[in-house]
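Trainee: Hi, could you walk me through this one? I'd like to begin with a single backbone oddity and then go inside.

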Amino acid sequence: MTDSLHAVRAMRRSALAWRLALGSLVGTGLSAVAFAAAAQGTGSDAPAAAPADEIETIVVTGSNIRRTDKETASPVQILSREDIERTGKQNIAEILRSVSADNQGSLPTSFSNGFAAGSAGVSLRGLGLSSTLVLVNGRRMAPYGLADDGQRSFVDLNSIPLEAVERVEVLKDGASAIYGSDAVGGVVNIILRRNYQGASFGANFGTSYMDDGDIKRLNASYGIGDMAADGYNVFVTAEGSTQQAIKQKTRPGYLGTNDLTSYGWYDNRVGAAAAGLGMFYDEETDEVTGPAFNAQTPWGSIRPIGDTNQSHRINLTDCPEISGVTGMCVFDPIGYYEIQPQQDRFNLYTRGAFRIAETLQAYAEAGYFYSKTEATGTPSGVRDSGVFDPNNPGTPMRHRIVLPAGHPDNPEDGDRQLYYMTRELGGRDGTSESDVIRVLAGLSGDIAMWNWDSGVGYIENKLTTESTGYVRFSKLQAALNNGTYRINNTAAVPQSLRDEISPKLVRDAKTSITFADAKISGSLFDLPGGPFGVAFGTEWRKEKTDTPPNPYTDIADVIGLGYSAFKADRDVYAGYAEINAPVLKVLELNAAVRYDHYSDVGSSTTPKFGVKFKPIDQLALRGSYAEAFRAPGPAESGDSATFGYTGIGILTIGNPDIKPEKAKSYTLGLVVEPFSGLSASLDYYKIKRRDEIIAADQALVLDGIEPNGEPDSAVPGALPNSMVYYNELGRIGSISAPYINANSTTTDGLDLDLRHRMKLDGIGTITASLTWTHVLNFERKVGDETREYAGTHGPYVLSAAAGTPQDRATFELGLDRSWWSTSLLVSYVGAMDMIDHKGEELYDIGDGTVTTSTGEGAYVADPNGPVCGVYNPDGTPRSGCSLSSFTTVDWFAKVEVGSNWILSGSVQNLFNRMAPFDPYTYGGLNYNPAFHQSGAVGRFFTFGVKYNF
């Protein structure tokens with residue numbers, strides 16, 4: 001690598017300060033230019049007005065045909081720039097999380113220690129990240145370098161520049177006939193600015209009621225030229241932001257501690273009798289010896305190797321507190337948990353368009369989007385190494401950590417198994433740096449009544465992850481064997497030995513898409529209701545993915561760090577056609593069909609049909625039928641394997657014979673506008689997805705499998721080619737299975753959208769809107785068994801058991817006057833049952849406790865009582881087996897000062913509502929970050945200032 005490249009890499013990895021400084025410099029420079037070129041524009045990015053005798057046509061997400069009516073046969077929710085601004089949120093990920101159609105499977109940035117750390121994604125209809133297609137200006141983005149749960153590829157929303165966003169369009173039905181793979185649950189099309197003139201500079205600052213989690217954001221925009229008047233437009237936007245971490249220990253109540261005995265729950269500190277661990281069982285005496293616990297504390301403990309009697313365990317060093325129940329040292333790792341990680345972003349986006357001739361235009365776009373996430377985790381807990389042997393991936397390996405006889409910290413005569421938390425090595429911290437480059441160029445124009453567009457481009461995502469605090473099994477065991485590594489004795493362990501045992505783990509992943517596309521649309525003839533519109537298009541993509549494993553995980557030598565690696569390279573060819581036929585003034589029909597060929601998994605043909613009946617101007621009936629598919633991702637069909645933990649080890653192996661998922665979607669709805677300013681739509685949707693690609697789903701693999709078995713043995717699981725492995729205690733320790741096309745999912749529900757706008761003399765313009773999604777059913781079927789997840793905390797295996805709430809809604813009420821505006825936004829998430837699925841059964845473990853079908857958690861409970869996933873220490877269901885609903889109110893206000901200044905302010909979670917106590921999810925500590933994140937952050941204040949030149 002040349003010296004110049006070294007310099008570039010050093011700059012990229014430096015602190016965000018230079019990026020923010022660049023934003024300021026850009027803003028200052030553009031300001032000066034703006035004064036000199038004031039006549040060129042006024043800060044508007046609205047398209048040029050059409051001549052008076054010309055009806056403006058638009059293209060709506062889900063169609064390639066230009067039309068005069070934005071209301072199509074398919075339901076589309078549009079978030080304008082004003083809508084986005086009124087949320088007070090500072091990034092696209094948070095904005096999309098408020099969309100009511102987003103449900104189970106979405107990924108918040110707060111999941112900072114998962115397989116896809118540092119990212120954020122959206123899951124429409126609860127069908128998962130990889131079944132929601134995210135586009136930018138109607139074209140694909142390169143997926144994030146890591147996969148959710150090591151399986152699902154998706155677009156990282158952190159790579160989208162907020163300042164450059166003009167609007168967001170959310171298509172809520174299948175659209176593979178238009179866009180190809182992944183558009184199963186719907187499409188999110190993020191439209192960036194296209195024709196901006198003028199200059200502006202803005203800054204936003206925010207902090208929580210606890211004076212932490214500070215947000216600072218600077219942005220600048222400058223554009224020159226008007227396409228209609230000057231024949232060209234060039235603009236650039238720059239944005240830099242930093243978001244500070246929020247430590248969970250700073251929050252009150254159950255959010256800030258692991259000792260929950262004062263809340264009627266368990267003492268979940270390390271060393272105490274925590275929730276979900278069941279009982280210790282002595283096989284020699286056939287007796288229960290006491291409640292199970294995690295003995296991996298910073299003071300260490302040992303027990304005879306293979307001894308299953310917990311009373312034979314002893315503490316190694318003195319500690320401040322010993323549990324009266326377990327006799328072990330207790331430690332609360334709450335200081336290592338974060339509600340939100342430190343995150344820095346920098347985005348630079350530019351676009352230029354030039355009129356070559358009266359009917360020919362050239363355009364180019366370029367963007368650099370950078371994000372860096374720094375997250376903290378608890379120190380490594382060592383007792384054994386559970387990562388699998390890649391040379392025999394069907395058999396997970398386990399290595400006990402042994403404190404040998406004669407070690408200066410071993411008071412016993414013989415070898416002992418060691419249980420220890422390596423606090424002196426630091427927490428398991430991670431840094432993710434994502435660089436996205438997006439460049440494209442194209443030509444567009446008109447030929448008679450036909451409009452055409454063609455382009456070529458390249459999108460690349462480079463991801464570098466650095467992990468510290470993890471322990472290499474071989475190095476630790478060697479240092480224990482020779483006595484150089486001491487227990488709870490930091491001064492006795494030199495830094496060089498610490499670095500050898502716990503090295504920095506660096507991984508570089510890369511994904512890219514190279515594409516070329518072309519499309520043409522126009523009208524062939526006139527029908528009674530208008531022109532018969534048609535569109536044709538073709539597309540080629542080269543998709544590449546290379547995600548290597550973390551160092552040493554491929555040799556089973558990193559304790560507690562899952563293995564994930566995949567590599568793939570494929571070509572995609574597609575062609576499509578679409579028609580729109582207004583056969584009558586009151587009846588419009590449309591249809592589309594697309595053919596896709598993947599070089600690695602074969603071909604797919606997907607049709608779509610729609611109808612809109614509008615007997616009067618105030619009423620429209622609409623419906624659609626679509627078929628969709630999702631091509632297997634590189635982790636599912638490539639040379640891949642994934643091993644992770646959800647209380648037990650889960651190993652999933654890539655399957656080159658895997659088939660694409662297929663789906664059928666239906667919508668039926670009505671749109672009414674009884675008078676000007678009031679509109680409402682109610683749509684019913686149904687999606688049936690089959691041949692789903694599933695990983696080693698522990699609930700399915702363990703279905704009907706005995707929770708106790710022969711120690712250190714394996715038995716076939718409930719799914720084909722799956723295995724269940726029992727540990728040395730005869731408990732389920734891990735499972736393995738290949739990716740398979742197994743189950744199917746059927747979900748249906750209702751979408752309601754109400755909007756009212758009323759102008760009152762002397763008061764201003766009042767706006768009100770309500771969006772509500774109600775999930776009627778969310779069923780997964782495997783074989784002859786069907787499981788209902790709507791309104792439950794399942795599927796447990798997906799997205800940290802975030803759950804599938806039946807209801808999500810937002811209500812906004814606003815007032816706009818000539819120079820100021822204000823609004824209130826109410827967000828609602830419905831209650832969930834704390835079970836994996838409806839009708840779940842309990843299984844008797846045989847030691848006085850029971851477990852649910854997920855195999856996750858053993859509780860003292862009444863098997864004849866209500867089936868629940870979470871129980872109190874006395875055996876009663878927690879909160880009646882229900883997680884309460886959650887409602888927050890956000891406030892926003894904006895004031896124009898003079899002709900140039902705009903001041904704004906917002907308060908999110910105005911009434912400081914606390915997130916409901918959620919002991920079921922494993923994505924967050926005592927709360928659910930997927931749906932209740934604002935309740936953990938608490939009341940948050942933001943102030944903004946913007947100057948338009």
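Mentor: Happy to. With a relative accessibility of 71%, Ala448 counts as exposed (over 50%; under 20% is buried and anything in between partly exposed, with a 1.4 Å probe and protein chains only). Keep in mind that this is a predicted model, where local features need pLDDT of at least 70 and side-chain atom pairs count only at pLDDT 80 or more, while totals for chains, interfaces and linings use all residues. Residues are numbered from 1 along each chain as its sequence is written, and side-chain values use heavy atoms, with hydrogens and water left out.

Trainee: Got it. What's the sign of phi at Ala448?

Mentor: Positive, about 55°, although Ala448 is not a glycine. Ala448 sits in the loop between β22 and β23 (helices, H or I with at least four residues, and strands, E with at least two, are DSSP runs numbered from the N terminus).

Trainee: And what about phi at Asp691?

Mentor: Asp691 also has a positive phi of about 55° without being a glycine. Its loop runs between β35 (678–690) and β36 (693–694). Asp691 counts as partly exposed, because its relative accessibility is 22%.

Trainee: Where is there a cis peptide bond?

Mentor: Between Gly794 and Pro795, with omega at about -5°. Pro795 belongs to the loop between β43 (785–788) and β44 (807–816).

Trainee: Changing topic: how many salt bridges does a search of the whole structure find?

Mentor: It finds 42, each with a side-chain nitrogen of Lys or Arg within 4 Å of a carboxyl oxygen of Asp or Glu. In one of them, the side chains of Arg125 and Asp751 meet at 2.5 Å, N to O. Arg125 is in the loop between α4 and β2 and Asp751 is in strand β41 (residues 744–760), so this pair ties together parts that are 626 residues apart in sequence.

Trainee: Are Arg125 and Asp751 buried or exposed?

Mentor: Both are buried. For another pair, take Glu460 and Lys510, whose closest N and O atoms are 3.4 Å apart in a salt bridge. Glu460 is in strand β23 (residues 450–468) and Lys510 in strand β25, so they tie together parts that are 50 residues apart in sequence. Glu460 counts as buried at 9% relative accessibility, whereas Lys510, at 37%, counts as partly exposed.

Trainee: Which residues do salt bridges with shared partners join into one network?

Mentor: Glu539, Arg541, Glu543, Arg570, Arg594, Asp596 and Asp600. Within that group, Arg594 and Asp596 form a salt bridge with their closest N and O atoms 3.0 Å apart. Arg594 is buried at a relative accessible area of 1%, and Asp596 is buried at 0%.

Trainee: Now the packing. How many residues are in the largest nonpolar core?

Mentor: There are 38, of which Ile92, Val165, Val168, Val188 and Ile190 touch the most other members. Such a core is a set of buried Ala, Val, Leu, Ile, Met, Phe, Trp, Tyr and Cys residues joined through side-chain atoms within 4.5 Å. The biggest contribution to this core, four residues, comes from α4. Elsewhere, another core of 32 residues lies apart from it, with Ala802, Leu842, Leu883 and Ala915 among its members.

Trainee: What does Ile190 touch?

Mentor: Leaving out residues up to four places away in sequence, the neighbours of Ile190 include Ile92, Val134, Leu135, Val136, Ile160 and Arg167, where a contact means heavy atoms within 4.5 Å.

Trainee: Last topic, empty space. How many cavities of 30 Å³ or more are there?

Mentor: Nine. On a 1 Å grid over the protein atoms alone, a cavity is a set of points where a 1.4 Å probe fits but cannot get out, and lining residues have an atom within 4 Å of a point. The largest cavity holds about 720 Å³ of space (grid points are joined across faces, edges and corners, and the volume is what probe spheres set on the points fill). Its lining has 39 residues, with Lys89, Glu94, Gln908, Gln933 and Ser934 closest to the centre. The largest share of that lining, seven residues, comes from α11.

Trainee: And which residues lie nearest the centre of the second largest cavity?

Mentor: Pro143, Ser153, Phe154, Asp182 and Arg570, out of 41 lining residues. The volume of this second largest cavity is about 510 Å³. Arg570 also appears in the salt-bridge network we went through.

Technical notes
1 Å grid on protein atoms, 1.4 Å probe; cavity = no way out; pocket = protein on both sides within 12 Å on 5 of 7 lines; lining within 4 Å.
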